[in-house]
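Please open the structure in your viewer and keep the selection tool at hand. The stops below say what to pick at each step and what is found there.

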Amino acid sequence: MPNCIDFAQLPSRSLLTAFALIMLSGWSGEAAAQGRGGQSERPARSTRNILGGVPMSAADSARQKIVARLDFDSYKELIRGLTEFGDREQGTPRNAAAVDWIEAQLQGWGYETERVHYMFTPRGSDTPEPREQVFATKWGSDVPGEMYIISGHMDGRGGGEAANDDGSGTALVMEIARALSGPEIETARTIRFALWNNEETGLNGARAYVEQRAELQGIEDPAGSGRYPEPKWLGMIQHDMMLWDHGNPVTFNQALDADVDIEFQLNSVMAAESAQLALVLLNANRMFATDYPAVMSNAMSNTDSTPFMDLVPSVSLRENRRLYETGNRANPHWHQPTDLFVTFSDADFRLGFNAAQTTLAAVAKLVEAREVGARAEGN
Ligand SMILES: [Zn+2]
């Protein structure tokens, strides 16, 4: 620990060495306790020097500029906005109001939006009821008929604000949409931003999307129009619970080895292709995430990418591995009234923000995102 060095006891040359060690270790005196609920910004630590330098090409630098369009305060503000609708439990007026609010934000950034309508039968009832969810689309300039789906689930439970589960993943998808909005960013292929409903009741919203639209993939409609209502699915990236990696047993602060968990499902038809997609995300994290590393795992479960995993490369990003950690009490706020905006510190929000950097950096490569006017170099 650099702050244990007694400078008074050191001759000058050793003093210089000590300073050099401090600089190389990336220590910046930021290990102090962090405030909750969006108080002063205090990342847990910098991993830049731990991860080591990765040489960047001109194309990588262009990608870095796109990732830099993400804004930490905007991400937090989107989570806070979602928490104003409480836990957004499916079937409630606050859930419907949150769908409206999400759609209004997406439209405000210039996106064309669409709703998926489906029927859901609540537990204990035998009467199906109508439900809705919204998505927005960034149409590809060169290959509009192929797309990546980036998603989170906007419904929650627990009686609190569902800030982490899954306000954090919903806001992540929205913040990436905001960062890519406007005519100054073009993508060769299409991106769809999906905010699923009814995740907490059994992935019903994502399942409805697959049931209604899998068969429509890649069909030009009307013929010759260049329009593809359902572009062919190239990959699906789900985000669910992005903020909290406090170890297990749980500690007060974000764990020093907190990371973004990228999972695919080994027991799926597309396992090998999904592992490749996960690797693209892992590499993107190493090059473009500012504070937290990522790890890969192969037991994706209980999330909206599950209905896609036999059809298309599918991965899930989380604060912890779902089965081994979340399922073993790694997050005491999960589905509880304490899943509130004020429960989380900036170090927590920063983990979700690093997942946003990871996904945007990966997708920017996959869809060939570019700033209009910027010349593509290097590749
Ligand atoms: Zn969730």
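## A tour by selection

Begin by selecting Asp346, which counts as buried because 21 C-beta neighbours lie inside 10 Å of it, and 20 are enough for that label. Bear in mind throughout that this is a predicted model.

Asp346 is found in helix 9, so extend the selection to residues 346-366, which make up that helix. Now add Asp73, which stands 273 residues from Asp346 in sequence, although their C-alpha atoms are 9.9 Å apart in space.

Next, select helix 4, residues 72-83, and look at how helix 4 packs with helix 9: the angle is about 110°, and the axes are 10 Å apart. That angle makes helix 4 roughly perpendicular to helix 9, and the crossing of the two helices is right-handed.

Which residues of helix 4 and helix 9 meet there? Show the side chains of Phe72, Tyr75 and Lys76 in helix 4, which meet Phe349, Gly352, Phe353 and Ala356 in helix 9. Sorted by class, this contact of helix 4 with helix 9 has five nonpolar residues, one polar residue and one charged residue.

For the last stop, turn to helix 6, which covers residues 163-180 and has 18 residues. From its first C-alpha to its last, helix 6 reaches 24 Å, which is close to the 26 Å expected at 1.5 Å a residue. Is helix 6 mostly covered or uncovered? Helix 6 is mostly covered, with 18 of its 18 residues buried. Finally, select Gly182, just after helix 6, where the residue takes a positive phi of about 90°.

Terms used:
Residues are numbered from 1 along each chain as its sequence is written. This is a predicted model: local features need pLDDT of at least 70, side-chain atom pairs count only at pLDDT 80 or more; totals for chains, interfaces and linings use all residues. Axes are lines fitted to C-alpha atoms, for helices over the stretch in contact, and angles run from 0 to 180 degrees between N-to-C directions. Helices (H or I, at least four residues) and strands (E, at least two) are DSSP runs, numbered from the N terminus. Angles under 35 degrees count as roughly parallel, over 145 as roughly antiparallel, 65 to 115 as roughly perpendicular and the rest as oblique. A crossing is left-handed if the near helix is turned anticlockwise from the far one by less than a right angle, and right-handed if clockwise. Two residues are in contact if their C-beta atoms, placed from the backbone, lie within 7 Å. Ala, Val, Leu, Ile, Met, Phe, Trp, Tyr, Cys and Pro count as nonpolar, Asp, Glu, Lys and Arg as charged, and the others, Gly among them, as polar. The expected span of a helix is 1.5 Å times one less than its number of residues. A residue is buried if 20 or more other C-beta atoms lie within 10 Å of its own, exposed if 12 or fewer, and partly exposed in between; C-beta atoms are placed from the backbone.
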